[in-house]
Amino acid sequence: TWATNDFNNDGNNDGITLSVVNSEGDAGTSGTILIDMENDQAVGGFQFVVSDLPDLLSYTNISLTDRTESASFTVSANEGEQGVIALGFSLTGGTIAAGSGPIIELSYNVGMVDFDTVVEVALSGSIISDPLGNGVENNLESGTFTIIAAPPTIPETPLNVVAEGGQNEIVISWDPVWQAEY
């Protein structure tokens, strides 16, 4: 999915592209998602929302990447109703140089699923600024996070199996086994 913020209303999709790098993780563990930026000019700051559908990822942390660390950026994030709001800027006036590559890494707790599940990870509400704080046109590209379901657990073999015969019936019993129902 693509979205465009055309500040000049000129219909051009030039400027900067933010995209979600597809990734995967095991159900019930933690995982990460990289947000990539391809920019043809220096960037002084950014803010955008990252959302997941279905809502199976629970935000835990945001980290710098080589591009934001070398620009002396500070990054922060907070999970709200619409998703995770990510914010990055430099207190010393540093900028992200023109180029491409990840600008942040988001860490998540991955929800439990019964089957492998593809989660749509979308970007929205983006504000990208140049070194002077002016808005810059930007494009947004969604991605996916694939949750790999845990393999089913096979119960142990029951012990002390007893079969008692009677008139027109056989009653079978055994010692309880974890995750086995009878």
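## Working through a predicted chain

The structure holds three aromatic pairs. Keep in mind that the model is predicted.

**Exercise 1.** Work out how the rings of phenylalanine 46 and phenylalanine 48 pair up: what kind of pair is it?

*Solution.* Start with the distance: the two ring centres sit 5.6 Å apart, and the cut-off for a pair is within 6.5 Å. Next, take the angle. The planes meet at 25°, and planes under 30 degrees apart count as stacked. So phenylalanine 46 and phenylalanine 48 make a stacked pair. As for their surroundings, both residues are buried.

**Exercise 2.** Now bring in phenylalanine 73, and find which parts of the chain its pair with phenylalanine 46 ties together.

*Solution.* Check the geometry: phenylalanine 46 and phenylalanine 73 are stacked, at 5.9 Å centre to centre with 20° between the planes. Then place each ring. Phenylalanine 46 belongs to strand 5 (residues 45-53), while phenylalanine 73 belongs to strand 7 (residues 73-79), so the pair links parts that are 27 residues apart in sequence. Both of these phenylalanines are buried. Finally, put the pieces together: Phe46, Phe48 and Phe73 make up one aromatic cluster.

**Exercise 3.** Decide whether the chain as a whole is a compact globule or more spread out.

*Solution.* List the elements to begin with: the chain has one helix and 14 strands. Now compare sizes. The radius of gyration is 25 Å, whereas the globule rule gives 16 Å for 182 residues; the chain's value is well over that, so the chain is more spread out than a compact globule. For the dimensions, look at the box filled by the C-alpha atoms, roughly 90 × 35 × 25 Å along the principal axes. Two more figures round this off. Of the 182 residues, 37% count as buried. Among contacts with a separation of 6 or more, 72% come from residues 24 or more positions apart.

**Exercise 4.** Head to the surface and say whether isoleucine 170 is buried or exposed.

*Solution.* Locate the residue: isoleucine 170 is in strand 14 (residues 169-173). Its relative accessibility is 62%, and exposed means over 50%. Isoleucine 170 therefore counts as exposed. Then look at its company: Val161, Ile170 and Ile172 form a nonpolar surface patch, with about 310 Å² of accessible area together. For the wider setting, the chain exposes about 10600 Å², and carbon and sulfur atoms supply 50% of that area.

How values were computed: Residues are numbered from 1 along each chain as its sequence is written. This is a predicted model: local features need pLDDT of at least 70, side-chain atom pairs count only at pLDDT 80 or more; totals for chains, interfaces and linings use all residues. Side-chain values use heavy atoms; hydrogens and water are left out. Rings of Phe, Tyr and Trp (its six-membered ring) pair if their centres lie within 6.5 Å; planes under 30 degrees apart count as stacked, over 60 as edge-to-face and the rest as tilted. Buried means under 20% relative accessible area, exposed over 50%, partly exposed in between (1.4 Å probe, protein chains only). Helices (H or I, at least four residues) and strands (E, at least two) are DSSP runs, numbered from the N terminus. The radius of gyration is taken over C-alpha atoms; the globule rule is 2.2 Å times the number of residues to the power 0.38. Contact means heavy atoms within 4.5 Å. Accessible areas come from the Shrake-Rupley method with a 1.4 Å probe; for residues, only the protein chains shown count as cover. Patches are made of residues with over 30% relative accessible area and no salt bridge: like charges are joined within 9 Å, nonpolar side chains (Val, Leu, Ile, Met, Phe, Trp, Tyr) within 5 Å. A salt bridge is a side-chain nitrogen of Lys or Arg within 4 Å of a carboxyl oxygen of Asp or Glu.
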